[in-house]
Amino acid sequence: MEPVVLIVTVRNEAGTIGPLLDSILAGSRVPDEIVIADGGSTDGTWDLLRARAASDPRIGAVQAPGNRSMGRNAAVRASRSPIVACTDAGVEVEREWLERITRPFTDEPEIGVVAGFYLPVGNTPFERAAGVVSAPSLREVDPARFLPSTRSVAFRRTAWERVRGFDESLAHNEDTPFALALKRSGARFFFEATALVRWHPRGNLSSFFRQHRRFGFGDGESRVQGSFYARLAAKYVIGAVLFVGGFFYRACWLLLLAGIALFAAAQGRRGSARLGIVERVILVPFLKIVYDVAFLSGYLKGRATPPVRPLPDPGSPRVSD
């Protein structure tokens, strides 16, 4: 198999970087190189990285102040392997993850990008519901349209070079424009559903809202996913029209109530295997509305910023509408 480097960007991850490195080194396939880019930690993360690098020649650490795009590019440049795998600090990497996400490159050498999958891990009802809203389930994924997250992705160095790496002008949600640039370049994608990492959703309403508003801002800033936001906005515009129309035609309110019931039922079914009845009926629909508002408000703010390089929009949804 071709050599592989695993890259991770961190900032103030002193409590998680050790367990992450331990899980990677205990995997069924161990990376030939591990490069961690530190974005300016102040909690001792850099000292921990230097100590691990000094004790294990496979581990390298680079200082890369700035956004995550800068850190990821710095980590790739500091490595040599032709295959680059990427995950994030704070996730839990399954033992077979690296083996599974790199195997397609050997089986089909023309593949340029392998998209792995990620599962939310929640300890509280809020976290479990937030995970259902924030991430698609496998049954919602269309492999031909799925855009990988940097939590779980691998790509050829040549593909990264062809698109000139991650766009360093983007400080938010940089993985979507990177994936779209790879698609535009002609890179062949492969979806490997068994290459799994687990991640922890936000644990309270304010951090949940801020996170998704930041994602929406990143999409607006880079002018991508326009069709996703158009569909999202249309649902609420139709709801508002029906609400106002109900003052003149009572049938509008009946249609609105039917739409709300269908919306709540659809959202509840998404978490049926993981959540209790109260979480499915109340918490998931409520958080989906918060999610939509956060994304839309962030997107509009991002669109109001000076444009960066626009990329083609394939209309790939983040989760099912």
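In this predicted model, helix H2 (residues 45–55) lies across E1, strand E2 (33–38) and E3, and runs at about 145° to E3. Helix H3 (residues 68–77) does something along those lines with E1, E2 and E4, lying across these strands at about 150° to E1.

The strands under these helices belong to an open sheet of 8 strands with mixed pairing, and the order reads E3-E2-E1-E4-E7-E6-E8-E5. Strand E3 (59–63) and strand E5 (92–93) sit at the edges with a single partner strand each, so one side of each has no neighbour in the sheet. Further in, strand E1 (residues 4–10) pairs with strand E4 (residues 83–86) in the parallel sense, over 4 bridges. One residue pair to look for here is Val5 with its bridge partner in E4, Val84.

Stepping back to the whole protein chain, there are 11 helices and 8 strands to place. The radius of gyration comes out at 21 Å, close to the 20 Å that the globule rule gives for 321 residues, so the chain is as compact as a globular protein of that length. Along the principal axes, the C-alpha atoms fill a box of roughly 75 × 40 × 40 Å.

What about empty space inside? Rolling a probe the size of a water molecule over the atoms shows where such space is left. Searching the whole structure turns up 2 cavities of 30 Å³ or more.

The largest cavity holds about 60 Å³ of space. Its lining is made up of Val113, Pro148, Ser149, Thr150, Val153, Asp175, Phe178, Ala179, Leu182 and Phe189. Helix H7 (residues 175–184) supplies the largest share of that lining, with 4 residues. By residue type, the lining of the largest cavity splits into 7 nonpolar, 2 polar and 1 charged.

The second largest cavity has a volume of about 40 Å³. Around this second cavity are Ser23, Ile24, Gly27, Arg29, Pro31, Val93, Glu94, Arg95, Trp97 and Leu98. Helix H1 (17–25) and helix H4 (97–107) are the elements that give two or more residues to this lining. Here the residues divide into 5 nonpolar, 2 polar and 3 charged. Val93, one of the residues lining the second largest cavity, also falls within the edge strand E5 (92–93).

Terms used: Residues numbered from 1 in each chain as written. Predicted model: local features only at pLDDT ≥ 70, side-chain atom pairs only at ≥ 80, totals over all residues. Heavy atoms only, no water. 1 Å grid on protein atoms, 1.4 Å probe; cavity = no way out; pocket = protein on both sides within 12 Å on 5 of 7 lines; lining within 4 Å. Points joined across faces, edges and corners; volume = space filled by probe spheres on them. Nonpolar A, V, L, I, M, F, W, Y, C, P; charged D, E, K, R; others polar. Pairing = 2+ DSSP bridges. Contact = heavy atoms within 4.5 Å. Axes fitted to C-alpha atoms, helices over the stretch in contact; angles between N-to-C directions. Rg over C-alpha atoms; globule rule 2.2 N^0.38 Å.
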